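Hi,

Here's the structure I promised to pass on. Have a look at it first, and then read my notes below.

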Amino acid sequence: MARRILAAGNWKMNGLQADGLALASGLAAQRKSESNAKVDMLVCPPFVLISKVVDAVAGSGIMVGGQDCHMTEKGAHTGDTSAWMLKDTGCTHVIVGHSERRTNHGETDDVVKAKAEAALAAGLVAIVCIGETLEERDAGKTLDVNRRQLLGSLPDGATAANTVVAYEPVWAIGTGRTATPEQAQEVHAMLRGELVGKLGQGIADDMLILYGGSMNAKNAKELLAQTDIDGGLIGGAALKVDDFMTISHSAP
Ligand code: PGA
């Protein structure tokens, strides 16, 4: 198994230029002083900060990603950004299908899949997000919902090198209410099993499955210790240099 933990920061719609630059350069400075980092680090700033953040983290090994992309390469899509533009600006990854996009912008599994395929075509790694609502969990539908979203959103041509899955229970996002390590592991193990069926054992063994939803400096260690949790997609706690660095040091 060649899975290396990934700490991915999703800044969402937070930070003006000065904030984003301070965060990016703070992370870069700390990262540069580490000779033997055990985890990969990625930050996903708002679109308008991406090129400045790319410059600020240059030489640190920290990667930069977008938070969304359009499903096509170019054209009359006011307000949208293509995966090719992200790639051209220095991004390596893009988040697709975050629950805030699914809820606020009506994105379906088909849309998320098309965006993920655009990401792959542009040469980016797609971080495909899925997750159940509290209502669905309470109704005992957690595994079914996540299975359906995974199979419906995975891009054709997915490999461990071009696709990352992020399990983000909607009820845990930004609420301070984290899934227990056991709850998260149960879903991750099911997802890994589905990936075996869909992509084969080799790809499934190597594909990263991140957990997201109130991961923080305190709970990261326990979550990352689970067999099938290969990193975090981190919102609030990724906005503070010390917290995000602590999470990056929490790999088993
Ligand atoms: P949170 O957000 O860590 O603030 O819960 C995670 C996410 O939505 O990616």
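Let's start with the ligand. There are 13 residues around the ligand, and those that come nearest are Lys12, His98, Glu168, Gly174 and Ser214. Sorted by type, this shell has four nonpolar residues, seven polar ones and two charged ones. Bear in mind as you read on that this is a predicted model.

A few contacts are worth pulling up on your screen. From His98, a polar side-chain atom sits 2.6 Å from an oxygen atom of the ligand. Lys12 also brings a polar side-chain atom to a ligand oxygen, in this case at 2.7 Å. With Gly236 the backbone does the job: one of its N or O atoms lies 2.9 Å from an oxygen atom of the ligand. As for how covered the ligand is, it would expose 280 Å² taken alone, and the protein buries 95% of that.

Next, the largest pocket. Its volume comes to about 340 Å³. The lining is made up of 13 residues, and the ones nearest the pocket's centre are Lys12, Met13, Gln67, Asp68 and Arg101. You'll recognise Lys12 from the ligand contacts, where its side chain lies 2.7 Å from a ligand oxygen. Which helix gives the largest share of the lining? That's α4 (residues 99-104), with three residues. By type, the pocket lining divides into four nonpolar, five polar and four charged residues.

Two single residues to finish with. The first topic is Arg192, which you'll find in helix α8 (residues 181-199). Is Arg192 buried or exposed? Its relative accessibility is 7%, so it counts as buried, the cut-off for that being under 20%. The side chain of Arg192 also has a partner: a polar contact of 2.9 Å links it to the side chain of Asp228.

The other topic is Gln226, in the loop between α10 (220-224) and β8 (231-234). Gln226 counts as buried too, because its relative accessibility is 19% and the limit is under 20%. If you'd like a distance to try out in the viewer, take Gln226 and Lys113: they are 113 residues apart along the chain, and their C-alpha atoms are separated by 27 Å.

That's what I have for now. Happy to go through any of it with you.

Cheers

Note on methods:
Residues are numbered from 1 along each chain as its sequence is written. This is a predicted model: local features need pLDDT of at least 70, side-chain atom pairs count only at pLDDT 80 or more; totals for chains, interfaces and linings use all residues. Side-chain values use heavy atoms; hydrogens and water are left out. A residue is near a molecule or strand if one of its heavy atoms lies within 4 Å of it. A polar contact is a pair of N or O atoms within 3.5 Å; within protein, one must be able to donate a hydrogen and the other to accept it, and residues adjacent in sequence count only if both atoms are side-chain atoms. Accessible areas come from the Shrake-Rupley method with a 1.4 Å probe; for residues, only the protein chains shown count as cover. Ala, Val, Leu, Ile, Met, Phe, Trp, Tyr, Cys and Pro count as nonpolar, Asp, Glu, Lys and Arg as charged, and the others, Gly among them, as polar. On a 1 Å grid over the protein atoms alone, a cavity is a set of points where a 1.4 Å probe fits but cannot get out, and a pocket is an open set with protein on both sides within 12 Å along at least five of seven lines; lining residues have an atom within 4 Å of a point. Grid points are joined across faces, edges and corners, and a volume is the space filled by probe spheres set on the points. Helices (H or I, at least four residues) and strands (E, at least two) are DSSP runs, numbered from the N terminus. Buried means under 20% relative accessible area, exposed over 50%, partly exposed in between (1.4 Å probe, protein chains only).
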